[in-house]
Amino acid sequence: MSAVPQRREVLRVPPTRKAEIVADLYRAIREEGRTLVELEWEQQRLHESRRWSAVERVDAVELEGVSASDRLVVWNAGRAELTTKPGADRLARLADQECRRWQGRNDAVASIIQACGTWSRYWNEEEAHHETSFNRLALLLGLERISDETFIEFRKIFPDDDMLRTLTLLSISEIVAAVNYAHCARITQEPGLKALFKQVGADEIQHMNYFIAFAKGLVDSGEYRAKEAFAVAHLFLREGGEVQGSRREHVEQRETHVNWWDQLEYREGMNAPDAAEKKETLIFHALKRITGITVSSAEELEDTWMELVG
Ligand SMILES: [Fe+2]
Ligand SMILES: [Fe+2]
């Protein structure tokens, strides 16, 4: 029988320290020697500290008090949130593949990517709250039913891409969602629905912060190029770019997957979120945190991207 390994020392961590997102992951792993077990504990603590009940939130909504415009917003939100599960499933798979590619070549990068894949389970679970809350509300409000066909269509798994491009795209997707929900929280008059929009918006901000941290870790390692993050931001902020979602003149028809921002339906009488400027500012801020490079307009973003491509 093998002996139980002895602890070298007792780890003393102040029990009241608030859980946080480790923002400087490359340094935390390389210089502070933080392990995946430690990082995972931090993720678990933060996840637990932010949990809320979809059942209670839905029960708290006074259905008669929900305006016609808000009803459309709820319907759109529920449908859009259906695409987060395939996003998270794909991230888990891609992260594990990528992690193994770096093992032995750059172990810090392998650990950052594994930490990301590990966190994807919390992300997936938190998005389940969004999806089920809005879809349940839409059902209770008697709105147009989402068919199983649409449900299955929206579950299509995204094709793989470079890890930094993927993380940047997910950061931006969370920005767009967070700004939309903040707008909804401001305009809705029904207190229960207002609280739900606020709660979901706060989750999306937290997700954005995680994606930025993982993306920054990859750039800091020197193994991933800032130009990839810029390429994705450009895709969103160029003229007629993705940030305008279904308002664009030309929305690509894809067989492979569903981009939720392309599927929002703006109907008559709907006070729809837009706030393009706010989204743009937050995207510039995210780019700065990921790459260390500052840009403050779509033109500057394009120029910098071209320079980085070289
Ligand atoms: Fe969400
Ligand atoms: Fe999210």
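H9 and H12 are oblique to each other, because an angle of 65 to 115 degrees would be needed to count as roughly perpendicular and one under 35 degrees to count as roughly parallel. The two helices pack at an angle of about 40 degrees, and their axes are 7 Å apart. On the H9 side the contact is made by Met208, Ile212, Ala215, Lys216 and Val219, and on the H12 side by Ala286, Arg289, Ile290 and Thr291. By type, the residues of this contact divide into six nonpolar, one polar and two charged.

**Overall fold**

The model is predicted. The protein has 13 helices and zero strands, so its pattern along the sequence is an unbroken run of α elements, α-α-α-α-α-α-α-α-α-α-α-α-α, helices and strands here being DSSP runs. The chain has 310 residues, of which 40% count as buried. Among contacts between residues at least 6 apart in sequence, 80% join residues at least 24 apart.

**The nonpolar core and helix H10**

The largest nonpolar core holds 76 residues. Which of its residues touch the most other members? They are Ile112, Phe214, Ala215, Ala229, Ala233 and Ile283. One of these, Ala215, also belongs to the H9 side of the contact with H12. Another, Ile283, is in contact with Ile172, Ile175, Ala233, Phe236 and Leu237, leaving aside its neighbours within four places in sequence.

Ala233, Phe236 and Leu237 are among the buried residues of H10, together with Ala226, Glu228, Ala229, Phe230 and Val232. What covers the buried residues of H10 includes helix H8 (163-187), helix H9 (191-220), helix H12 (276-291) and helix H13 (298-309). Helix H10 itself covers residues 226-237, 12 residues in number. At 1.5 Å a residue this helix should span 16 Å, and its end C-alpha atoms are 17 Å apart, which agrees.

**Two histidines of H6 and a leucine of H4**

His129 is found in helix H6, which runs over residues 107-140, and His130 has its place in H6 as well. Leu72 lies in helix H4, residues 68-81. Are these three residues buried or exposed? Leu72 counts as buried because it has 22 C-beta neighbours inside 10 Å. His129 is buried, with 20 other C-beta atoms within 10 Å; the cut-off for a buried residue is 20 or more. His130 is buried too, with 24 other C-beta atoms within 10 Å.

Each of the three also has a partner that is distant along the chain, as the table lists.

| Residue | Partner | Separation in sequence | C-alpha to C-alpha distance |
|---|---|---|---|
| Leu72 | Glu144 | 72 residues | 9.5 Å |
| His129 | Glu81 | 48 residues | 9.5 Å |
| His130 | Leu196 | 66 residues | 8.8 Å |

The contacts of the two histidines can be set side by side. Not counting residues up to four places away in sequence, His129 touches Trp52 and Ala54. With that same exclusion of residues up to four places away, His130 touches Glu81, Val200 and Asp203. Glu81 is thus named twice: its C-alpha atom is separated from that of His129 by 9.5 Å, and Glu81 is touched by His130.

Methods:
Residues numbered from 1 in each chain as written. Chains lettered and ligands numbered in written order. Predicted model: local features only at pLDDT ≥ 70, side-chain atom pairs only at ≥ 80, totals over all residues. Helix = DSSP H or I, 4+ residues; strand = E, 2+ residues; numbered from the N terminus. Buried ≥ 20, exposed ≤ 12 C-beta atoms within 10 Å, placed from the backbone. Core = buried A, V, L, I, M, F, W, Y, C linked by C-beta atoms within 7 Å. Contact = placed C-beta atoms within 7 Å. Expected span 1.5 Å × (residues − 1). Axes fitted to C-alpha atoms, helices over the stretch in contact; angles between N-to-C directions. Parallel < 35°, antiparallel > 145°, perpendicular 65-115°, else oblique. Nonpolar A, V, L, I, M, F, W, Y, C, P; charged D, E, K, R; others polar.
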